[in-house]
Amino acid sequence: MNKLMGFFELKNLNLPIIPWEEYTGTQSFSEDRLWTIRTALFKGQDQNLPRYIGVDGKKAKECADRLYNEFKDKGIVIFYPYFIAQKSGNLCVNNDKTIIEAVRGDLWNLVTYSKRDVTIVLSGNKIENDGDKDFLDNTELDEILKYIPQIKQEFKEILLEGKNILLEWSFAYDCDSQKNIIGDKYLVFYEARAV
């Protein structure tokens with residue numbers, strides 16, 4: 001399962017996901033929000049593809065047009081409103097255990113800078129913490145964990161092959177074009193792939 005399949009899988013699940021849309025070259029971008037523009041390939045290696053995070057409406061249109069022209073025959077361009085991540089992480093699910101890695105702020109802090117506030121390993125009724133065990137409060141942990149049965153059901157064929165499902169998530173806030181927070185915090189999943 002590559003990034004493109006992951007985007008569509010997430011959209012088909014009843015998980016809280018980013019409200020992404022495929023860019024077709026005709027859309028415009030509101031100036032009162034910031035935007036994220038990403039790419040995904042129909043097949044092949046799709047890691048480290050070009051993306052633009054938190055750009056204004058004018059730049060979002062320019063970037064989306066450029067990427068659309070580059071990727072229209074080999075993939076898609078997607079876009080969604082930028083969000084401010086309060087806490088982020090990876091959720092790794094397999095048949096035997098679930099691992100949650102969490103970091104303050106954006107997921108880049110974990111995947112790019114190797115920062116980590118806590119790793120939680122759940123196996124049967126056993127819970128192990130490495131790091132700040134209070135980093136995720138009970139409400140946040142319960143919010144993530146309530147989706148595990150659904151993830152296992154949806155990806156059972158992949159899990160039976162002995163693979164893991166890796167999902168990226170954040171507790172986030174919407175924001176305006178000046179990065180002022182709008183509304184309440186929410187959990188959002190924005191990528192899923194088999195590893």
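Author: A polar contact is a pair of N or O atoms within 3.5 Å; within protein, one must be able to donate a hydrogen and the other to accept it. The model discussed here is predicted.

Reader: Which backbone nitrogen does the side chain of Ser88 reach?

Author: Ser88 belongs to strand S5, residues 83-93. Its side chain comes to 3.4 Å from a backbone nitrogen, and the cut-off for a polar contact is 3.5 Å. That nitrogen is part of Leu107.

Reader: With which side chain does the side chain of Ser88 make a polar contact?

Author: Residues touched by Ser88, leaving aside those up to four places away in sequence, include Trp169, Ser170 and Tyr190. One of these offers its side chain for a polar contact at 2.7 Å. The partner is Ser170.

Reader: Is Ser88 buried or exposed?

Author: A residue under 20% relative accessible area is classed as buried. Ser88 has a relative accessibility of 0%, and therefore Ser88 counts as buried.

Reader: In what order do the four strands form the open sheet?

Author: The pairing in this sheet is antiparallel. Its edge strands, each paired on one side only, are S1 (21-22) and S3 (51-55). The order is S1-S4-S2-S3.

Reader: Which residue in S3 is the bridge partner of Thr36?

Author: Strand S2, residues 35-41, runs antiparallel to S3, and four bridges join the two. In S3, the residue bridged to Thr36 is Ile53.

Reader: What angle does the direction of helix H2 make with that of S2?

Author: Helix H2, residues 57-71, packs on the sheet and touches S2, S3 and strand S4 (75-81). Its direction and that of S2 make an angle of about 10 degrees.

Reader: Why is the sulfur of Cys175 not bonded to the closest cysteine sulfur, and in which residue is that sulfur?

Author: A disulfide requires two cysteine sulfur atoms within 2.5 Å. The sulfur of Cys175 lies 17 Å from the closest one, so the separation is too far for a bond. The structure holds zero disulfides. The closest cysteine sulfur to that of Cys175 is in Cys63.

Reader: What is the phi of Ser114?

Author: Most residues other than glycine have a negative phi. Ser114 lies in the loop between helix H3 (108-111) and strand S7 (118-123), and is exposed at 64% relative accessible area. Although Ser114 is not a glycine, its phi is positive, at about 55 degrees.

Reader: Which strands flank the loop that holds Lys179?

Author: Lys179 also has a positive phi, near 65 degrees, and is a residue other than glycine. With a relative accessible area of 46%, Lys179 is partly exposed. Its loop lies between strand S9 (165-175) and strand S10 (181-194).

Conventions: Residues are numbered from 1 along each chain as its sequence is written. This is a predicted model: local features need pLDDT of at least 70, side-chain atom pairs count only at pLDDT 80 or more; totals for chains, interfaces and linings use all residues. Side-chain values use heavy atoms; hydrogens and water are left out. Buried means under 20% relative accessible area, exposed over 50%, partly exposed in between (1.4 Å probe, protein chains only). Contact means heavy atoms within 4.5 Å. Two strands pair if DSSP finds at least two bridges between them. Axes are lines fitted to C-alpha atoms, for helices over the stretch in contact, and angles run from 0 to 180 degrees between N-to-C directions.
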